[in-house]
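Here are some notes to read beside the model, written as numbered points. Please keep the structure open while going through them.

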Amino acid sequence: QVQLVESGGGVVQAGGSLRLSCAASGGTFAGNAMNLGWFRQAPGKEREFVTFISWTGGRTNYGDSVKGRFTNSRDNAKNTVYLQMNNLKPEDTAVYHCAAAMGYRSNYANPNSYNYWGQGTQVTVSS
């Protein structure tokens, strides 16, 4: 059973930066070809796709609302994926979840493509 634990959330002023981490246990990134995604959910809103990174790190994709501001990366030796968030805006306020898809999926922006989810970490951006 794979477990994902996010960290790094907090409160930041608009224009600031945060780096989130997602560490996996119970399975290795490379050994299980884990493709990792980040989603976020604000109160009263649907879960929103933020970004995806393939298990090799060679392919990434970003939601339109975060392109140019967020960057994901991964360290398979540490079984950890990172989300660097720059130029944060109040509308980025949400609970951020990482998720793992074991193997290939046709649409990584679809939450149903993922097998495992972390509990989430709160990001609050003040204006």
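1. A search of the whole structure, which is a predicted model, finds six aromatic pairs. In one of them, F39 and Y114 meet edge-to-face, with 5.3 Å from centre to centre and 80 degrees between the planes. This pair links distant parts of the chain, for F39 belongs to strand β4 (residues 34-41), while Y114 lies in the loop between β9 (94-102) and β10 (116-117), and the two are 75 residues apart. Both F39 and Y114 are buried.

2. Y114 also pairs with W117, again edge-to-face, at 5.9 Å centre to centre and with 65 degrees between the planes. Are these two partners buried or partly exposed? Y114 counts as buried because its relative accessible area is 7%, under the 20% cut-off, whereas W117, at 27% relative accessibility, is partly exposed.

3. Looking at the wider group, ring pairs join F39, F49, F52, Y108, Y114 and W117 into a cluster. W117 has a charged partner as well, since the charged end of R47 sits over the ring of W117, 4.4 Å from its centre.

4. How many disulfides does the model contain? The count comes to one, and it joins C22 to C98, with an S to S distance of 1.9 Å. The link of C22 and C98 is right-handed, with 55 degrees about the S-S bond. This pair, too, links distant parts of the chain: C22 is in strand β3 (residues 18-25) and C98 is in strand β9, 76 residues apart. Both cysteines, C22 and C98, are buried.

Technical notes. Residues numbered from 1 in each chain as written. Predicted model: local features only at pLDDT ≥ 70, side-chain atom pairs only at ≥ 80, totals over all residues. Heavy atoms only, no water. Phe/Tyr/Trp six-rings, centres within 6.5 Å; stacked < 30°, edge-to-face > 60°. Helix = DSSP H or I, 4+ residues; strand = E, 2+ residues; numbered from the N terminus. Buried < 20%, exposed > 50% of the residue type's maximum accessible area, 1.4 Å probe, protein only. Lys NZ or Arg CZ within 6 Å of the ring centre and 35° of its normal. Disulfide = S-S within 2.5 Å.
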